[in-house]
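The following account introduces the arrangement of chains in this structure. It begins with the way the chains meet and then turns to single residues.

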Amino acid sequence: MVSRSFERILWPALTAVLALVVWHFAVRWTKTSVFPPPLAVAAGFAELARRGVLFRYAADSLFRVVSGYGLALALGIPTGLLLGWSPTGARAANPVIQLLRPISPLAWIPVSIVLFGISNFATIFLIFLASFFPIVVATMNGVRAIPVMYLLAGQNFDLSPAERLWRVMLPAALPQVLTGLRIALGIAWLVVVAAEMIAVDSGLGYLVIDSRNAGKRYDLVVAAMILIGVIGVGLNVLMRRVERLRSVRWGFRAA
Amino acid sequence: MSCSGLVMLLVLWSAAIALAGNTLLPSPWSVAAAIAELAQKGFLVKHVVASLFRVTWGYLMAVVVGVPLGIFLGWRRRAEMALAPLLELLRPISPLAWIPIAILWFGVGDLAAIFIIFLASILPLILTAMNAVGSVTATHWNAGRNFGLSPVDLARKVLAPAILPQLIVGLRLTLGIAWLVVVAAEMIAVNSGLGFLIIDARNAGNRYDLVVAGMVLIGLIGVGLDSAMRRLERLPAASWGYQTPVEAEAA
Amino acid sequence: MKPAAELVPDRAKLSIRGLEMTFRAEGKETRVLHDIDLDVREGELVCILGPSGCGKSTLLNIVGGFLTPTAGSVTIDGEPVSGPDPRRIFVFQERGVFPWLTVEGNIGFGLGRLPEAERAKRIAHYVGLVGLTGFEKAYPQELSGGMKQRVEVARALAVNPDMLYLDEPFGALDSITRLVMRSELLRIWGAERKTILFVTHDIDESVQLADRVIVMSARPATIRRVVTIDLPHPRDLSSRRYLELRDGIFEEIGLAHRI
């Protein structure tokens with residue numbers, strides 16, 4: 001019998017190899033001159049790294065995400081706590097949230113450009129919008145799902161409202177909030193790339209669209225896409241680490 | 001009560017526009033007029049239908065491929081181990097980043113947009129179905145096996161009903177994503193649909209009343225799709241799954 | 001000396017020999033069951049009694065065919081157990097009730113092959129037997145814990161199995177419902193005479209129900225003692241013999257029955 005930890009590496013490795021082989025031969029057999037084989041993409045990576053674009057564009061994208069997401073965090077968590085606490089507030093805000101949520105953050109691009117011009121702020125505003133609503137909704141639901149007993153116990157020990165918020169509601173809601181935060185960060189990363197394809201002239205999204213428009217460099221397009229995927233996985237892993245901290249682990253099912 | 005938030009939004013909005021004086025951004029009333037104008041010229045129906053058409057095809061194809069694949073991956077642990085990292089790598093890539101490739105393979109047009117919607121929908125669907133299968137409790141599996149069910153019957157009588165509630169939620173959320181993405185894709189890849197309406201209204205003459213009109217329509221249709229899907233959650237075959245989440249955790 | 005839980009082989013319905021179970025998880029080996037020998041007669045009600053986490057549920061899961069033992073054999077009617085079997089139904093603590101089916105649907109779950117009329121008749125019979133008449137169309141989440149437990153027992157009985165395996169079936173119920181359920185089980189057992197294996201950590205429960213109580217040790221579980229309960233049903237819970245037997249087990253486990 002093969003051990004489980006070994007299988008955890010074996011199967012994904014086999015898939016990766018198989019995917020690369022299929023990709024390579026699919027390109028060869030279809031005799032396409034536009035779509036790059038894996039090796040050309042690797043060369044594309046090297047070229048980007050040499051030109052210094054690789055690091056700079058990745059940093060640009062990450063900077064936008066961190067700023068917009070951080071802003072959404074700072075405003076979204078208090079808003080969510082408030083709406084979770086006050087049913088009246090939630091009922092008033094809910095239709096607005098429901099209406100705004102299905103609007104693609106990218107649909108705000110024209111508005112964003114009017115407000116901030118073509119600049120980093122325009123993109124950061126889009127990231128903010130994209131992550132703000134998921135954070136608010138997750139926090140609100142997290143607070144609402146707190147068992148009444150906890151809140152009553154908090155009252156029983158004569159905590160002030162501020163203490164109840166800080167010592168009961170926030171820790172109790174934290175696991176669910178963190179899941180929301182992780183999902184919101186994923187969305188922010190999706191959106192920054194999309195926004196960069198339209199609104200600015202740097203970043204990984206711009207790299208994708210520019211490599212195509214300027215000379216059909218599909219090797220660079222695919223290299224950029226892979227980099228986007230890898231960074232996205234990294235962000236997700238980072239957030240999952242946070243979920244494994246002892247102060248919140250109780251809220252997640254043993255995996 | 002539930003309308004007070006919307007009313008407040010409208011009041012604040014018009015007040016902000018009035019105070020700002022000369023601005024490109026429209027007031028609620030000019031947006032309403034813009035929607036009427038679109039309806040009159042027939043653009044309204046044309047763009048809405050174009051967007052819905054793309055969403056429908058891309059989404060349905062993703063359901064047909066993604067749900068069975070996700071169920072399979074959830075059922076076969078080795079298959080899941082093999083494919084999960086690949087799925088994790090693809091997930092954070094914005095569907096829009098595929099636009100160059102979509103255009104390369106399918107040309108500029110509906111097919112490229114449908115492909116983007118398909119890509120955007122299939123990953124969340126696979127993951128939902130996979131997780132739903134994973135959360136079927138061992139007790140329910142064992143009970144089914146104890147009564148001597150064949151694998152086919154086990155799938156039909158235990159697996160299918162057990163995953164339905166989670167699956168329906170996943171279908172609803174994914175339709176939301178598909179709707180988000182079609183609008184974005186239309187801003188880049190095609191020349192019809194609500195996304196195109198927004199970007200075109202801005203580029204051709206800064207008609208911000210039309211921009212916001214497009215956004216309002218997107219929001220309304222999104223809410224409509226969402227509540228239509230919520231209907232499904234109220235079916236008895238699904239509604240049992242939303243009442244006591246504690247039940248599933250206990251096992 | 002090992003306690004004798006063995007019978008003359010040809011009289012045994014269920015026969016366990018030299019059973020060992022060791023779990024491996026992340027490089028750690030946990031020995032759960034050690035050298036278990038046990039025979040159960042046709043129609044007997046045997047309670048397996050032990051502290052929580054001692055491995056008695058593992059034993060029942062092996063007998064039920066859901067787990068494969070590390071060593072040793074389990075035979076029923078002379079045939080080795082190779083997997084779950086509809087002739088022998090496992091009753092989980094009410095968690096095995098399918099939440100997506102009504103009471104009727106759950107009880108009829110194992111009756112797929114019967115013609116519709118026969119099926120309806122059987123369902124009606126067992127709904128009545130466990131006292132759920134009037135709740136046929138109810139979904140599990142509308143039922144109390146005791147009612148759900150009865151649905152599971154009825155679902156098991158409906159397929160007319162030879163044996164029932166009950167894994168702490170009343171553990172999640174309040175003490176009054178638990179008493180009611182015990183006498184219900186005895187009533188049904190009296191009517192249907194199934195061979196029953198009943199896992200519990202409740203000493204009183206085992207003495208109230210069983211023909212024989214198999215007392216297990218803590219992990220790795222071995223059979224410490226087999227106590228034959230020579231009391232006729234219905235049992236008088238304040239009779240001297242009942243108290244004697246119960247106190248004997250209390251002492252065996254090392255608990256003083258004084259609080």
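**How the chains meet**

Chain A and chain C are not joined by any contact, and their closest C-alpha atoms lie 9 Å apart. The model is a predicted one, and its confidence is taken up below for chain B. Two pairs of chains touch, and of these, chains A and B share the most contacts. The other interface described here is that of chain C with chain B.

The interface of chain A and chain B may be considered first. Chain A contributes 50 residues to the contact and chain B contributes 49 residues. The size of an interface is often expressed as the accessible area lost when the parts come together. For chain A and chain B, this buried area is about 4,400 Å², with 77% of it on carbon and sulfur atoms. What part do salt bridges play in the count across the interface of chain A and chain B? The rule finds zero salt bridges there, while five residue pairs, with both residues at pLDDT 80 or more, are in polar contact between the two chains.

On the side of chain A that touches chain B, at least two residues come from each of the elements α1 (4-30), α4 (87-100), α5 (109-116), α8 (161-198), α9 (204-213) and α10 (218-243) of chain A. Among these, α10(A) gives the largest share of that side, eleven residues. Sorted by class, the side of chain A that touches chain B holds 36 nonpolar, seven polar and seven charged residues.

The interface of chain C and chain B is formed by 25 residues of chain C and 20 residues of chain B. Together, chain C and chain B bury about 2,100 Å², 64% of it on carbon and sulfur atoms. Within chain C, the residues that lose the most area to chain B are C:Arg95, C:Trp100 and C:Phe109, which together account for 34% of what that side buries. Between chain C and chain B the count of salt bridges is zero, and four residue pairs (both at pLDDT 80 or more) are in polar contact. The elements β6 (88-91) and α4 (145-158) of chain C each give two or more residues to the side that touches chain B. By class, that side of chain C has 14 nonpolar, five polar and six charged residues.

**Two residues within the chains**

Is C:Lys13 buried or exposed? C:Lys13 belongs to strand β1 (residues 12-25) of chain C. With a relative accessible area of 5%, C:Lys13 falls under the 20% limit and is therefore buried. Leaving aside residues up to four places away in sequence, C:Lys13 touches nine residues that include C:Val40, C:Glu42, C:Asp77 and C:Thr195. Its side chain also makes a polar contact with the side chain of C:Asp162, at 3.3 Å.

In chain B, B:Arg172 is placed in helix α8 (residues 151-188). B:Arg172 has a relative accessible area of 9% and so is buried as well. Residues up to four places away in sequence set aside, B:Arg172 touches B:Asp226, B:Met229, B:Arg230 and B:Glu233.

**Confidence in chain B**

The average pLDDT of chain B is 85, and 95% of its residues score at least 70. Confidence in chain B is highest in helix α3 (residues 43-75), at a mean of 92, and lowest in helix α12 (residues 245-249), at 35. Over residues 244-251 of chain B the pLDDT is below 50, and this stretch has seven contacts in the model beyond near neighbours in sequence.

Methods. Residues numbered from 1 in each chain as written. Chains lettered and ligands numbered in written order. Heavy atoms only, no water. pLDDT = per-residue confidence, 0-100. Helix = DSSP H or I, 4+ residues; strand = E, 2+ residues; numbered from the N terminus. Contact = heavy atoms within 4.5 Å. Buried area = accessible area lost by both parts, 1.4 Å probe. Salt bridge = Lys/Arg side-chain N within 4 Å of Asp/Glu carboxyl O. Polar contact = N/O pair within 3.5 Å; in protein donor to acceptor, adjacent residues only side chain to side chain. Nonpolar A, V, L, I, M, F, W, Y, C, P; charged D, E, K, R; others polar. Buried < 20%, exposed > 50% of the residue type's maximum accessible area, 1.4 Å probe, protein only.
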